[in-house]
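Subject: Structure for your review

Dear colleague,

Please find below the structure I am handing over to you. My notes on what was found in it follow directly after.

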Amino acid sequence: MEKSYARLLENNKNWVKKKLELDPDYFNNLSGGQNPEYLWIGCSDSRVPANQITGTQPGEIFVHRNIANMVVHSDMNMLSVLSYAVDVLKVKHIIVCGHYGCGGVLAAMGNKQFGLIDNWLRHIKDVYRLYEKHLDAIENEEERGRRLVELNVIEQVGDLSKTTIVQNAWERNQPLHVHGWVYDLHDGIIKDLNVSLTGSSSLHNVYKLDNPKS
Ligand code: CO
């Protein structure tokens, strides 16, 4: 127990050493500020680390992770990250990345109680209900789970576009693309669901918000 914890600090020292060998100014440069082009909204699952699976370095991706990569519109944590990423850092792309075999999504498909987390997973049950006919028609349970993972990502992409933060960025013609991806734990490949949004034209009318200045 003690040892496994100490290993991380030891790894850190080795990492610093390697980085400095390659570039003595590495930390000097990074400490000067960040200018990431991407905001990543992913699952907390330890097997889906944003930087490693996309071959990116510290400074390149602003990251928010929670169970089942959810965009819950009353979640102050998500909204604060989103606002900072869009309004201050001016990221160009927001990526919602789900993953097949997501424990949160699979739990939401069932009826077992897991505790407090069931209230968070409720949001995924709502996605299921939205696509009930389509999902219930898939007989194979694993296939149905994979499809719900995809549909959940698509819904979160849509939910991002409904936020005041994203709508206002589009309103002021700030370049901002919202993408939906799914990572496959079995082969490490990320699938682009091709549901990218670049404006609010596809929004249901009730979600469209007028420019507060007009
Ligand atoms: Co997950």
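Which residue meets D184 in a salt bridge through its side chain? The partner is R146, with N and O 3.4 Å apart. Please bear in mind throughout that this is a predicted model.

**Salt bridges**

The bridge between D184 and R146 ties together parts that are 38 residues apart in sequence, since D184 lies in the loop between strand 4 and strand 5 (190-192), whereas R146 belongs to helix 8. D184 has a relative accessibility of 10% and therefore counts as buried. R146, with a relative accessible area of 22%, is partly exposed.

Helix 8 takes part in a further pairing with strand 5: E150 forms a salt bridge with K191, and the closest N and O atoms are 3.0 Å apart. Because K191 lies in strand 5 and E150 in helix 8, this pair ties together parts 41 residues apart in sequence. K191 is partly exposed, at 40% relative accessible area, while E150 is buried, at 9%. Through salt bridges with shared partners, R147, E150 and K191 are joined into one network.

Another salt bridge is formed by D87 and R172, whose closest N and O atoms are 2.9 Å apart. This pair links distant parts of the chain, 85 residues apart: D87 is in helix 4 (residues 76-88), and R172 is in the loop between helix 9 (164-171) and strand 4 (177-183). Both residues count as partly exposed: D87 has a relative accessibility of 29%, and R172 has one of 41%. A search of the whole structure finds 7 salt bridges, including those described here.

**The cobalt site**

The cobalt ion is coordinated by C43 through SG, H99 through NE2 and C102 through SG, at 2.0 to 2.3 Å. Along the chain, these donors follow the spacing C-x55-H-x2-C. C43 in strand 1 (residues 38-43) and C102 in the loop between strand 3 (93-99) and helix 5 (103-109) are 59 residues apart, so that the pair links distant parts of the chain. Both cysteines are buried: C43 has 5% relative accessibility, and C102 has 1%.

**Packing of helix 6 against helix 8**

Helix 6 (residues 117-130) packs against helix 8 (residues 141-162) at an angle of about 105°, and their axes are 10 Å apart. Helix 6 is therefore roughly perpendicular to helix 8. On the helix 6 side, the contact involves I124, V127, Y128 and L130. Their counterparts in helix 8 are R144, L148, L151, N152, E155 and Q156. The residues of this contact divide into 6 nonpolar, 2 polar and 2 charged.

**The chain as a whole**

The protein chain has 9 helices and 5 strands. Read along the sequence, they follow the pattern α-α-β-α-β-α-β-α-α-α-α-α-β-β. The C-alpha atoms fill a box of roughly 55 × 50 × 30 Å, taken along the principal axes. Of the 214 residues in the protein chain, 39% are buried. Among contacts with a separation of 6 or more, 63% are between residues 24 or more positions apart.

With kind regards

Technical notes: Residues are numbered from 1 along each chain as its sequence is written. This is a predicted model: local features need pLDDT of at least 70, side-chain atom pairs count only at pLDDT 80 or more; totals for chains, interfaces and linings use all residues. Side-chain values use heavy atoms; hydrogens and water are left out. Axes are lines fitted to C-alpha atoms, for helices over the stretch in contact, and angles run from 0 to 180 degrees between N-to-C directions. Helices (H or I, at least four residues) and strands (E, at least two) are DSSP runs, numbered from the N terminus. Angles under 35 degrees count as roughly parallel, over 145 as roughly antiparallel, 65 to 115 as roughly perpendicular and the rest as oblique. Contact means heavy atoms within 4.5 Å. Ala, Val, Leu, Ile, Met, Phe, Trp, Tyr, Cys and Pro count as nonpolar, Asp, Glu, Lys and Arg as charged, and the others, Gly among them, as polar. Donors are N, O and S atoms within 2.8 Å of the metal (3.2 Å for Na, K and Ca); water is not among the atoms, so sites may look incomplete. Buried means under 20% relative accessible area, exposed over 50%, partly exposed in between (1.4 Å probe, protein chains only). A salt bridge is a side-chain nitrogen of Lys or Arg within 4 Å of a carboxyl oxygen of Asp or Glu.
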